[in-house]
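This report describes selected strand pairings and charged side-chain contacts. The sequence and the structure are shown first.

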Amino acid sequence: VVGQAIPPVAPGDNKLYLSIYTPWRLTQARIDGESASVESAQELDRQVYSSFVVVPAGGRTVIELDLTGRAPGGQSYRLTLHRQPTVAPDEVKTALSVPFGWRVGGLVGTKAERRARLEADRTLEVKVRRQW
């Protein structure tokens, strides 16, 4: 809802219900750096974590989820991002961190970050493998 909602938001603000599907368990959620409560359920053989989020007019909102689970060793990690039906495409920054002893893609380190402009649905993919 852009504009009035229950509870009301400022004109031009975008209040949305965000759901993130993952096979992993949520350990912490933050919205704009502040601890956030999210609803938890199971759907489509995955965990789903959901919350209302307000994106201010002309602004941005940062959503961070710390997840824990087993990495698919030797396989690709895939993150599918669905474009929202808005006039301007979403700007998305993703970060994937793995524990010591693992590596992300062809990188030597344990963390990969990527920015994406969502003009259509998009799947980001990276290999996760043991270093030795």
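A residue is called buried when its relative accessible area is under 20%, exposed when the value is over 50%, and partly exposed in between. The model discussed here is predicted.

**An open sheet**

Three strands form an open sheet in the order E3-E2-E6, and their pairing is antiparallel. Strand E3 (34-35) and strand E6 (63-68) stand at the edges; each has a single partner strand, so one side of each is left without a neighbour in the sheet. Strand E2 covers residues 25-31 and is joined to E3 by 2 bridges, the two strands running antiparallel. Within this part of the sheet, isoleucine 31 stands opposite glutamate 34 in E3.

**Salt bridges**

The count of salt bridges comes to 7. The table lists some of them.

| Side-chain pair | Distance, N to O |
|---|---|
| Glutamate 64 and arginine 30 | 3.4 Å |
| Glutamate 113 and lysine 93 | 3.6 Å |
| Lysine 111 and glutamate 113 | 3.3 Å |

Which elements does the salt bridge of glutamate 64 and arginine 30 link? Glutamate 64 lies in strand E6 and arginine 30 in strand E2, distant parts of the chain that are 34 residues apart.

Why is glutamate 64 classed as partly exposed? Its relative accessible area is 31%, and the partly exposed class lies between the 20% and 50% limits. Arginine 30, by contrast, counts as buried because its relative accessibility is 15%, and buried means under 20%.

The contact of glutamate 113 with lysine 93 is likewise a salt bridge, with N and O at 3.6 Å. This pair also links distant parts of the chain: glutamate 113 belongs to strand E10 (residues 111-118), lysine 93 to strand E8 (residues 90-97), and the two residues are 20 apart. Are these two partners buried or exposed, or in between? Glutamate 113 is partly exposed at a relative accessible area of 48%, and lysine 93 is partly exposed at 47%.

Glutamate 113 also forms a salt bridge with lysine 111, the closest N and O atoms being 3.3 Å apart. Lysine 111 has a relative accessibility of 45% and therefore counts as partly exposed. Elsewhere, Arg30, Glu64 and Asp66 are joined into one network by salt bridges that share partners.

Technical notes
Residues are numbered from 1 along each chain as its sequence is written. This is a predicted model: local features need pLDDT of at least 70, side-chain atom pairs count only at pLDDT 80 or more; totals for chains, interfaces and linings use all residues. Side-chain values use heavy atoms; hydrogens and water are left out. Two strands pair if DSSP finds at least two bridges between them. Helices (H or I, at least four residues) and strands (E, at least two) are DSSP runs, numbered from the N terminus. A salt bridge is a side-chain nitrogen of Lys or Arg within 4 Å of a carboxyl oxygen of Asp or Glu. Buried means under 20% relative accessible area, exposed over 50%, partly exposed in between (1.4 Å probe, protein chains only).
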